[in-house]
Amino acid sequence: PVSKKAKMRDGGTDELDVCQQLLGELETHQDAWPFLKPVNPKSVPGYKKVVKKPMDLSTIREKIANKQYSCLESFTDDVNLVFDNCERFNEDDSEIGKAGHIMRRFFNKRRAELLK
Ligand SMILES: CO[C@H](O)CCc1ccc(O)cc1
């Protein structure tokens with residue numbers, strides 16, 4: 001049987017490449033500014049209580065570097081967590097709320113394009 005290792009990249013783009021490509025595009029998007037670094041719970045009243053699992057793009061970058069994602073799905077779960085947290089804490093028509101919706105739509109579109 002094909003070993004797990006043997007399934008690894010053969011010059012083709014494996015799932016890790018897709019994660020790194022998508023993360024790079026999210027980090028450089030003009031509306032990424034609310035999501036680049038962890039929210040400082042000391043500077044945002046209520047955030048620590050409301051948002052049970054904080055997540056941001058720099059933490060996702062670190063998790064990729066530490067090989068903490070087993071597949072594109074586990075990476076996608078963390079990206080969605082960023083935008084789900086944003087919806088919980090921000091009105092849809094606020095500056096940050098609007099940025100979250102734009103970024104989520106962009107991610108879903110680019111992920112579909114890269115997987116085609
Ligand atoms: C991704 O940003 C977080 O949802 C925090 C948003 C926020 C930060 C400070 C404020 O005064 C209001 C909202």
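A salt bridge is counted here when a side-chain nitrogen of Lys or Arg lies within 4 Å of a carboxyl oxygen of Asp or Glu. In this predicted model, the side chains of Asp84 and Arg104 meet that criterion, with a distance of 2.7 Å from N to O. The pair links distant parts of the chain, since Asp84 sits in helix α4 and Arg104 in helix α5, 20 residues apart. The two partners differ in their surroundings: Asp84 is partly exposed, with a relative accessible area of 38%, whereas Arg104 is buried, at 17%. This bridge offers a convenient way into the structure as a whole.

The overall fold comes first. The secondary structure comprises five helices and zero strands, and reading along the sequence gives the pattern α-α-α-α-α. The C-alpha trace spans about 55 × 25 × 20 Å along its principal axes. Of the 116 residues in the chain, 35% are buried. Contacts between residues at least 6 apart in sequence were also examined, and 64% of them join residues at least 24 apart. The chain exposes about 7800 Å², and carbon and sulfur atoms supply 54% of that area. As for charge, the chain carries 21 positive and 19 negative charges, whose mean positions are 5 Å apart.

Turning to the interior, the largest nonpolar core has 22 residues. Phe35, Leu57, Ile60, Phe75, Val79, Phe83 and Phe107 are the residues with the most contacts inside this core. Four helices each supply at least two of its residues, namely α1 (15-27), α3 (57-65), α4 (72-89) and α5 (95-115). The most generous contributor is α4, which gives seven residues. Such an arrangement can be read against a general tendency: in soluble globular proteins, nonpolar side chains tend to be buried together.

Phe83 shows how the core and the charged groups meet. Leaving aside residues up to four places away in sequence, Phe83 touches Phe35, Gly100, Met103, Arg104 and Phe107. Among these contacts are Phe35 and Phe107, which also appear in the list of residues with the most contacts inside the core. Another is Arg104, the salt-bridge partner of Asp84.

Helix α3 repays a closer look as well. Its buried residues are Leu57, Ser58, Ile60, Lys63 and Ile64, and what covers them includes α1 and α4. Two of these buried residues, Leu57 and Ile60, are named among those with the most contacts inside the core. After α3 comes Lys67, whose phi is positive, near 55°.

The Asp84 to Arg104 pair is one of nine salt bridges in the structure. Another joins Glu25 and Arg110, with the closest N and O atoms 2.6 Å apart. Glu25 lies in helix α1 and Arg110 in helix α5, so this pair ties together parts that are 85 residues apart in sequence. Because buried means under 20% relative accessible area, both partners fall in that class: Glu25 counts as buried at 15%, and Arg110 counts as buried at 18%.

Arg110 has a further partner, as the side chains of Arg110 and Glu113 meet in a salt bridge of 2.6 Å, N to O. Arg110 and Glu113 are three residues apart in helix α5 and are therefore separated by about one helical turn. An α-helix has 3.6 residues a turn, so residues three or four places apart point the same way. Glu113 is partly exposed, with a relative accessible area of 33%. Salt bridges that share partners join Glu25, Lys109, Arg110 and Glu113 into one network.

A last point of interest on helix α5 is Ile102. With a relative accessibility of 32%, Ile102 counts as partly exposed. Ile102 touches His29 and Asp31, again not counting residues up to four places away in sequence. For Ile102 and Asp31, the C-alpha to C-alpha distance is 7.5 Å, although the two residues are 71 apart in sequence.

Definitions and conventions. Residues are numbered from 1 along each chain as its sequence is written. This is a predicted model: local features need pLDDT of at least 70, side-chain atom pairs count only at pLDDT 80 or more; totals for chains, interfaces and linings use all residues. Side-chain values use heavy atoms; hydrogens and water are left out. A nonpolar core is a set of buried Ala, Val, Leu, Ile, Met, Phe, Trp, Tyr and Cys residues joined through side-chain atoms within 4.5 Å. Buried means under 20% relative accessible area, exposed over 50%, partly exposed in between (1.4 Å probe, protein chains only). Contact means heavy atoms within 4.5 Å. Accessible areas come from the Shrake-Rupley method with a 1.4 Å probe; for residues, only the protein chains shown count as cover. Lys and Arg count as positive and Asp and Glu as negative; His and the chain ends are not counted. The place of a charge is taken as NZ of Lys, CZ of Arg, CG of Asp or CD of Glu.
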